[in-house]
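This report is for a reader who has not met this structure before. Please look over the sequence and the model shown here, then read on.

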Amino acid sequence: MFHAANIYLAHKLSQSTARVKVLKPEKEEDLDVTVDQHQELVDSFGGATMKWNLSSNPNFTPAYSTSGFTVGLQPSEIRFFELTFHKKHRELVLGSYLPHILAAAKSIREVKKTVKLYAIDYRGDHEHWGAVNFHHPATFETVAMDPELKKALIADLDAFIERKDFYRKVGKAWKRGYLLYGPPGTGKSSLVAAMANYLKFDVYDLNLKEVYGDSHLHKLLIGAGNRSILVMEDFDRALASKKNEDEISMAGLLNFLDGLWSSCVEEKILVFTTNHKEELDPALLLPGRVDVQVNMSYCTFTAFKTLAYNYLKETEHELFGEIKELLRKVEATPAEVAGELLKSKNVDVALHGVVKLLRSKEGTRSIWELGFRMNTQSQSTVENQRKRE
Ligand SMILES: Nc1ncnc2c1ncn2[C@@H]1O[C@H](COP(=O)(O)OP(=O)(O)OP(=O)(O)O)[C@@H](O)[C@H]1O
């Protein structure tokens with residue numbers, strides 16, 4: 001309650017607050033401006049006036065020597081808030097105001113949160129996660145993909161976040177599984193980053209190649225925090241690279257995800273990515289394991305326009321017509337197109353680069369066209385769009 005009140009009141013600091021306290025938490029990027037001691041802060045709620053005051057009492061805890069003996073007392077302080085209100089508002093405070101503060105503090109924390117990227121920590125026993133701040137700039141605005149698919153995905157994420165009570169009522173673990181599939185360079189990793197930045201969820205990058213057995217996998221999965229996205233990139237290939245019998249298998253992974261792990265999960269998103277959806281074990285694709293499949297495909301003209309806007313701030317150009325025609329005929333990944341757009345700040349030069357790239361692909365068939373077969377609705381959505389365009 002103390003931390004919640006501290007966060008809540010920090011948001012209520014006004015220009016007239018004479019003294020504030022400023023901290024820079026080690027792993028956060030922003031400064032924390034909070035209430036200082038003996039500064040009365042007045043808030044109002046449901047017509048009642050609430051007066052807050054931060055105070056402290058001295059406290060002494062035993063100090064120990066390195067050999068474990070008590071060597072005296074160490075001074076510290078216990079800080080607390082004193083809340084003053086008229087006694088007729090007691091019910092209001094206990095029943096509504098304090099719960100309101102808890103909820104408000106939670107959402108402030110989420111907005112301010114610095115998203116973290118976790119990977120297996122190789123400095124220790126490999127059984128824990130190490131974190132760095134997540135700086136991937138991708139957002140849903142910058143990811144070039146079918147607009148309908150994007151809208152549907154955002155709506156699905158929103159619905160998932162809002163349905164905690166529903167999941168609890170129907171006895172389901174509050175988790176959702178996504179499969180992102182498509183050729184390399186079509187934006188699967190960028191989409192994961194966009195999801196993380198949108199939800200402010202930490203990303204846990206579970207590189208299955210580095211997981212040396214079921215118990216290791218279980219420790220890592222259990223150690224991953226809530227409000228997070230657990231990503232298993234190229235997970236089918238990673239599992240296939242495992243030869244030993246005592247190493248993890250797809251069945252072992254799925255069993256654990258469905259079973260014990262599910263019972264301790266809150267607000268977790270699982271993302272599997274693959275370049276070879278057609279080779280996946282159908283057991284993975286059952287609802288409850290993979291709830292949504294997203295086809296990240298070759299660059300359509302709509303996707304190209306997103307990229308052209310991101311990189312050049314260009315919405316119209318005389319070369320757009322030719323690029324549109326070429327994109328109907330050839331297969332270029334958004335990464336390839338983005339690579340050309342990055343080459344020059346000069347719009348004409350950059351767009352000519354794109355035309356040259358696409359022309360060079362005319363008459364060639366990619367390995368994906370030859371060997372990559374897709375079978376879901378989202379694939380036909382993208383293909384229809386390519387035809388429409
Ligand atoms: N759909 C996209 N929208 C915006 N940028 C993209 C998109 N696809 C690729 N890019 C650009 O290409 C780079 C590589 O793409 P990304 O790593 O997201 O592809 P991927 O599908 O995850 O590839 P892989 O399967 O090889 O991991 C990105 O950093 C981004 O700059």
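The sections below cover a surface patch, two strand pairings and one helix of this predicted model.

## Surface patch

V20, V22, L31 and V33 make a nonpolar patch of about 320 Å² on the surface. One of these residues, V20, lies in strand β1, which spans residues 20–23. V20 counts as partly exposed because its relative accessibility is 38%, and the limits for that class are 20% and 50%.

## Strands β3, β4 and β5

Strand β3 (residues 41–45) pairs with strand β4 (residues 48–64) in the antiparallel sense, over five bridges. In this pairing, S44 has T49 of β4 as its bridge partner. The hairpin formed by β3 and β4 has two residues between the strands. G46, in that turn, has a positive phi of about 55 degrees.

β4 also runs antiparallel to strand β5 (residues 70–84), and 14 bridges join them. Here the bridge partner of L54 is F81 in β5. β4 and β5 form a hairpin as well, with five residues between them. In its turn, G68 has a positive phi of about 95 degrees.

## Helix α9

Helix α9 covers residues 301–312, twelve residues. From its first C-alpha to its last it reaches 15 Å, close to the 16 Å expected at 1.5 Å a residue. K313 follows α9 and has a positive phi, near 60 degrees.

Which residues of α9 are buried? They are F301, A303, F304, T306, L307, A308 and L312. The cover over these buried residues includes α10 (320–329), α11 (334–342) and α12 (347–361).

Terms used:
Residues are numbered from 1 along each chain as its sequence is written. This is a predicted model: local features need pLDDT of at least 70, side-chain atom pairs count only at pLDDT 80 or more; totals for chains, interfaces and linings use all residues. Side-chain values use heavy atoms; hydrogens and water are left out. Patches are made of residues with over 30% relative accessible area and no salt bridge: like charges are joined within 9 Å, nonpolar side chains (Val, Leu, Ile, Met, Phe, Trp, Tyr) within 5 Å. Accessible areas come from the Shrake-Rupley method with a 1.4 Å probe; for residues, only the protein chains shown count as cover. A salt bridge is a side-chain nitrogen of Lys or Arg within 4 Å of a carboxyl oxygen of Asp or Glu. Helices (H or I, at least four residues) and strands (E, at least two) are DSSP runs, numbered from the N terminus. Buried means under 20% relative accessible area, exposed over 50%, partly exposed in between (1.4 Å probe, protein chains only). Two strands pair if DSSP finds at least two bridges between them. The expected span of a helix is 1.5 Å times one less than its number of residues. Contact means heavy atoms within 4.5 Å.
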